Amino acid sequence: MEENIVKFRLKAHESFYIREGWLTKGLRNVNEECRVFIKDDATDILGIGVSMVKSLRYWLQACGLTIETKVEGNKREQSFTQEFGQIIFDNDPYFEDIFSLWLVHYMLVSNMDNCTSWYLFFNEINSSEFTKEDLRNEMIYALNRVTNNISFSESSLFDDCDCIIKTYIHDKKESKNPEDNISCPLNELGLLKRTNLGHGKEVIQKLKPSMDKLDKLVVLYIILDNLKGAESISIENILTDKCNAGKVLNLDRNLLNEYLDLLKNAGYIEINRTAGLNQVYPKKCSKQDILKEYYAQLTE
């Protein structure tokens, strides 16, 4: 019997985090030309350097916005994912609504195969506070654990750790390269905080999301995506399962229950808390219906 081979990918971003405006630029150009990333003049079309073109090509897929398929020869073309990318392009192509950024975040951190370090950071590391060295050590341990000690490049993993921090925390130090002074839009989510302890030491903290930034429908979308055909799911599973709302949104039990009560009061779910069941029963609705409903209200 063959062992299951665990897929993972490190440092596919060419050391570039997602810059403000990149995803919009990528979607717009993919919509105009599905082979934009393999064109000889891709750098001129996109207005960024060769390595950044590779990075943007990767990020569009890692964020679940596009899928790449092989066509004639070894050529590849990109197209929108129908369940997410097309809906975003049709409704919020400039990522002006934070709801869209939460969904991008979810796509990243639930993507073990293509965005391994982001998955590990939010799903496998339980610490809520750590130094840079602590983070590196915990990531090594987590990757070894999920891959059964498959060999990997520690330097690539460490580069991913730095990129994760830059994804969620804006470095206000002015760089000589103007591109490095552009923040990542996911900074807006407020999921990480850096505290300077002095003497060159700093601590990174995972933060609970602010309720005025995280819409209840984001939580519902993630719950629905994790049902896997089941009719119900326990509150404990929502809180502790990999890729479910508790893990990927840094929710504690109290905050999760607040969101579940909001969803119940709005008629999206039923909750059975009798006899210690604590079971959530989503009403008949699909993930796509949730997206369409949310974006429809923006135009009303």
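In the predicted model, the hairpin of strands E4 and E5 has two residues between its strands, and His199 adopts a positive phi near 55° there. Strand E4 covers residues 192-198 and strand E5 covers residues 201-206; the two run antiparallel and are joined by six bridges. Within this pairing, Asn196 has Glu202 of E5 as its bridge partner. Strands of a sheet pair through backbone hydrogen bonds, in either a parallel or an antiparallel arrangement.

A further set of strands forms an open sheet. Three strands take part, in the order E6-E8-E7, and their pairing is antiparallel. Strand E6 (233-234) and strand E7 stand at the edges with a single partner strand each, so one side of each lacks a neighbour in the sheet. The antiparallel pairing of E6 with strand E8 (residues 279-282) extends over two bridges. In this pairing, Ser234 is placed opposite Gln279 of E8.

The loop between helix H12 (253-265) and strand E7 (269-272) contains Ala266. Ala266 is classed as partly exposed because its relative accessible area is 42%, a value that falls between the 20% limit for buried residues and the 50% limit for exposed ones. Although Ala266 and Lys216 are 50 residues apart along the chain, their C-alpha atoms are separated by 9.8 Å.

Helix H9 comprises residues 216-225 and is mostly covered, with eight of its 10 residues buried. The buried residues of H9 are Leu217, Val218, Val219, Leu220, Tyr221, Ile222, Ile223 and Leu224. The N-terminal end of H9 is capped by Asp215, a side-chain oxygen of which lies 2.8 Å from the backbone nitrogen of Leu217.

Two acidic residues, Asp92 and Asp97, were examined in the loop between helices H4 and H5. Asp92 is buried but has no salt bridge, and the nearest side chain of opposite charge, that of Arg28, is 12 Å away. A salt bridge requires a separation within 4 Å, so the absence of one at Asp92 is consistent with this distance. The side chain of Asp92 instead has polar partners: it reaches the backbone nitrogen of Glu96 at 2.9 Å, and it makes a polar contact of 2.6 Å with the side chain of Ser100. Beyond residues up to four places away in sequence, Asp92 touches Ile87, Asp97, Ser100 and Tyr295.

Asp97 is likewise buried without a salt bridge; here the nearest side chain of opposite charge is Lys216, which is 12 Å away. A polar atom of the Asp97 side chain lies 2.9 Å from the backbone nitrogen of Phe99. With residues up to four places away in sequence left out, the contacts of Asp97 are Asp92, Tyr294 and Leu298.

Helix H5 also contributes to the nonpolar interior. The largest nonpolar core has 100 residues, of which Trp59, Leu108 and Tyr168 touch the most other members. Helix H5 (residues 98-109) supplies the largest share of this core, namely 10 residues. Leu108 touches both Trp59 and Tyr168, and its other contacts are Ile18, Ala62, Cys63, Cys115, Trp118 and Leu186, again without counting residues up to four places away in sequence.

How values were computed:
Residues numbered from 1 in each chain as written. Predicted model: local features only at pLDDT ≥ 70, side-chain atom pairs only at ≥ 80, totals over all residues. Heavy atoms only, no water. Core = buried A, V, L, I, M, F, W, Y, C linked by side-chain atoms within 4.5 Å. Buried < 20%, exposed > 50% of the residue type's maximum accessible area, 1.4 Å probe, protein only. Helix = DSSP H or I, 4+ residues; strand = E, 2+ residues; numbered from the N terminus. Contact = heavy atoms within 4.5 Å. Lys, Arg positive; Asp, Glu negative; His and termini not counted. Polar contact = N/O pair within 3.5 Å; in protein donor to acceptor, adjacent residues only side chain to side chain. Pairing = 2+ DSSP bridges.
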